[in-house]
Amino acid sequence: MTGQNPASRNSGSKRATRRGVLAGLGALTISGLGTTASSAATSTASKDDTASNQEHQFPAASHLEAFVDKVLARRIGDATPGATVAIVRSDGPVLIKGYGDANVDSGTPVQALETAFRVGSVGKLVTWTAVMQSVEQGVLNLDEDVNHYLDGSAVSVPETYEDPVTLRQLGTHTAGFESAIDPEVVTDPDAITPLETVLVEQMPPRVRPPGEVVGYSNYGAALAGHIVAEVHDTTFEKYVQTEIFEPLGMTHATFTQPVSDDYPGSLAAGHSQDGEEFRTADEVYINMRPAGSMTATARDIAWFMRAHLRNGAVGNTQILQAGTARRMRERHHVRHPAVTNWRYGFHEYGNPGSGVIGHSGATVHFSSHLVLLPASDVGIFVNYNSNNNDYPPPATVIDDILTEYGLQSPPTEPTPITEPESHERATEVAGEYSLTSLPRSGPLQVVDLLEHVSVEPAADSRLRTTTLDGHTRYWVETEPYVYQAVNGHDVLAFEVTDGAIEGMYLASEPTGVYQPVPSHERQLVTGSVLGGTLTGFGLSLAGWGGQAAWRQWTQYRTDEDSDTEMGSTE
C-alpha cells in the first residue's frame, strides 16, 4: 500500500505540513510485497523455516501501526518534516513506514522502501560488523596492536603509551584518543579526501592510556574501517557493499559520497528550520566515512537489525556466525557496573541491566536512533530528515514504543539507603566534572566548558547536579556512591579509590566518563573568560565542520534520555 501526497500541501509551513501529514501519514510499505504491515509480517514468517518461535510482546501489527502513527503525528511538521520507521522481529518486519515530506520544496512524501536518509553514526554498527566478520575469518584480532594491520598504510598510531591501541578499544571508544566531535564535514564533493589521507592528517593525540576510559571517537571508528579495507585490499565502501549490503539485500544502502547517479531509489533532503518553516539544506559530506556517511532506507536498516537479532543471519544468508554475533553483543568494556556499558560497537540503552542495546546518529541535517532488544526479539529504528535540537529527537519515539508495550520498565521512586555516611559521601563527591568525550583543545573545546557539571550535597543526603545553563537534577543514594534520579530511571555512580574521585558515570551518557576538573579550570574561573572563548567558537561555526560538530553533540546529548538526561534542555 502506498500513501499519496496530501493535497494542497504548503511545503514551507510547519503547521500546513503537519495538517497534510495527518491526512496522509506517508507511505506504508513492507519488504516490497505490496501488502499491509500485518499480512507482510505473516508472509515473511511463513517463508522463513528458521523463524524464531519466541513469544513477542507486540500486539497485531495494525495496533502497533496506529500507535506509531499517533506518536509521529506529534512530531511531523514540528520536530521534522519527514521520518522513516522500521520495527522488526527476527522472523520479519512488523512495520516499515514513511511519514511526512522527503523534500518540503517539492512536497514529495517519504516512501519507506525507496526514500533513503542519512543515518549518521548508526552506520558505525555496520563498521563494527565488518570488523567482526574479519575477526571471524582470522584476518583481524580484537586484541592485536592496530599498527600490525597498517604496515602497508601511511597511517601509524604513535607509541605514546606502553600499551598499544587495539580493535577492541576502538570498538568500545577506549583507545585514548582525544575526542574530536567533527568527523571532517565538508560541503564541496571535490573536498572529499581519501580516507587514508584524512586519518593521517587528522589524527588526534593520544591523551589517555588505552583500555581505561571511554571517550567517544569518530576517528577511532574511521580507523577501524580503514583497517578492514587494508586487510582485504579494497576500499571500505566496496567491502561493506559486497560483504554486508548485497548479501542482506540492503539494495539502497551505501557509504559512497556523493551517492551515484544510478542510485536505485530517491534521496530525502536534509532540512534546517527558520522560525515556523523548514527549508531544504545543501548536502554535506563526511570525510571519515566509516564513522557516519551511510545512506539507507528504513527497509535496509530493517534487514540489518534482523541479521543481528537472528545471530548473524537472514533466511539462508549468514553475514556472521552465531557465536560471532553473540560475541559482538557481549560486554567488552565496563565503565561502572551500575550504569550502561559498551558491547562491541553497541552501547547499552535506557535502564541499566535492561538488555537494550543501540546507537544514535546525527549529521548536520539528519538524526536517527536504533535499538535492539535481543531477549524480546525486537528491533526499532527511527530516522528524521532534520536535526532540530528544539524538539524531541528520534530516541523519544523509541522510548514511547518501549513504554507502551512494556519493553522498558517505567521509572520507580528510588529507595534511599539509610546510612549516616550518606551525607559524608555526598560531600566527598562534590565538585565540578568534565566529560571525556569532548575535545580539550582547539576551537571546539568550548563545548567541554559548556558541558561541565557541578555536583553538590542537597537536603536529606541527596545530590544536586547543575549545568552551566542552569539545568538542575536531584539524586537519591541507593547504594554507596550510586544514585538514582528523582522522577527518572537514570543512574549516577562514582568510582572512588582511597578517597580520590576517579570518575563519575551517568547511565544516560555512555559516550564518556565525567572526570574531576582541577580548580583552576572550573566554571567559576572559566566563566569570566567564557565570552572570549564563545567568540572563537562562533567563528569556528562559520565553517560547516564546526556547525556539524555542535549539532551532532547537542543531538546526541538529548538522544540518550531526553526526559532525564543531565544537561538536557528538552
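**Helix packing and strand pairing in the predicted model**

Helices α4 and α7 lie oblique to each other in this predicted model. Their axes come within 9 Å and cross at roughly 40 degrees, an angle that falls outside the 65 to 115 degrees counted as roughly perpendicular. Here α4 spans residues 124-136 and α7 spans residues 218-231, and the crossing of the two is left-handed. On the α4 side, the contact is made by Lys124, Thr127, Trp128, Ala130, Val131 and Ser134. The α7 side contributes Asn218, Gly220, Ala221, Ala224, Gly225 and Val228. Sorted by class, this contact of α4 with α7 has six nonpolar, five polar and one charged residues.

Helix α4 also meets α8, and here the axes come within 11 Å and cross at roughly 75 degrees. Because of this angle, α4 is roughly perpendicular to α8. From α4, the residues involved are Val126, Thr127, Thr129, Ala130, Gln133 and Ser134; they meet Phe236, Tyr239, Val240, Glu243, Ile244 and Phe245 of α8. The contact of α4 with α8 divides into seven nonpolar, four polar and one charged residues. Thr127, Ala130 and Ser134 of α4 take part in the contact with α7 and also in the contact with α8.

Turning to the strands, β6, β4 and β10 form an open sheet of three, in the order β6-β4-β10, with mixed pairing. The edge strands are β6 and β10, the latter at residues 295-296, and each of them pairs on one side only. Strand β4 (residues 115-118) runs parallel to β6, and two bridges join them. Within this pairing, Ala116 has Leu267 of β6 as its bridge partner.

A hairpin is formed by β7 and β8, with two residues between the strands. Strand β7 covers residues 271-274 and β8 covers residues 277-280; the two pair in the antiparallel sense over four bridges. His271 stands opposite Thr280 of β8. In this hairpin, Gly275 takes a positive phi near 65 degrees.

Several backbone features in loops deserve a look as well. The peptide bond from Gln257 to Pro258 is cis, with omega near -20 degrees. Pro258 is found in the loop between α8 (236-248) and β6 (266-267), so this loop links a helix that packs on α4 with an edge strand of the sheet containing β4.

Positive phi values also occur in residues other than glycine. One of these is Glu184, whose phi is near 65 degrees. This residue sits in the loop between α5 (167-171) and β5 (185-186). Glu184 counts as partly exposed because its relative accessibility is 21%, where buried would mean under 20%. Another is Asn487, which is not a glycine yet has a positive phi of about 65 degrees. Asn487 lies in the loop between β21 (482-485) and β22 (491-497), and its relative accessibility of 66% means that it counts as exposed.

For the chain as a whole, the secondary structure comes to 16 helices and 24 strands. Of the 570 residues in the chain, 60% are buried. Among contacts in the chain with a separation of 6 or more, 70% are between residues 24 or more positions apart.

Terms used
Residues numbered from 1 in each chain as written. Predicted model: local features only at pLDDT ≥ 70, side-chain atom pairs only at ≥ 80, totals over all residues. Heavy atoms only, no water. Axes fitted to C-alpha atoms, helices over the stretch in contact; angles between N-to-C directions. Parallel < 35°, antiparallel > 145°, perpendicular 65-115°, else oblique. Left-handed = near helix turned anticlockwise from the far one by under 90°. Contact = heavy atoms within 4.5 Å. Nonpolar A, V, L, I, M, F, W, Y, C, P; charged D, E, K, R; others polar. Buried < 20%, exposed > 50% of the residue type's maximum accessible area, 1.4 Å probe, protein only. Pairing = 2+ DSSP bridges.
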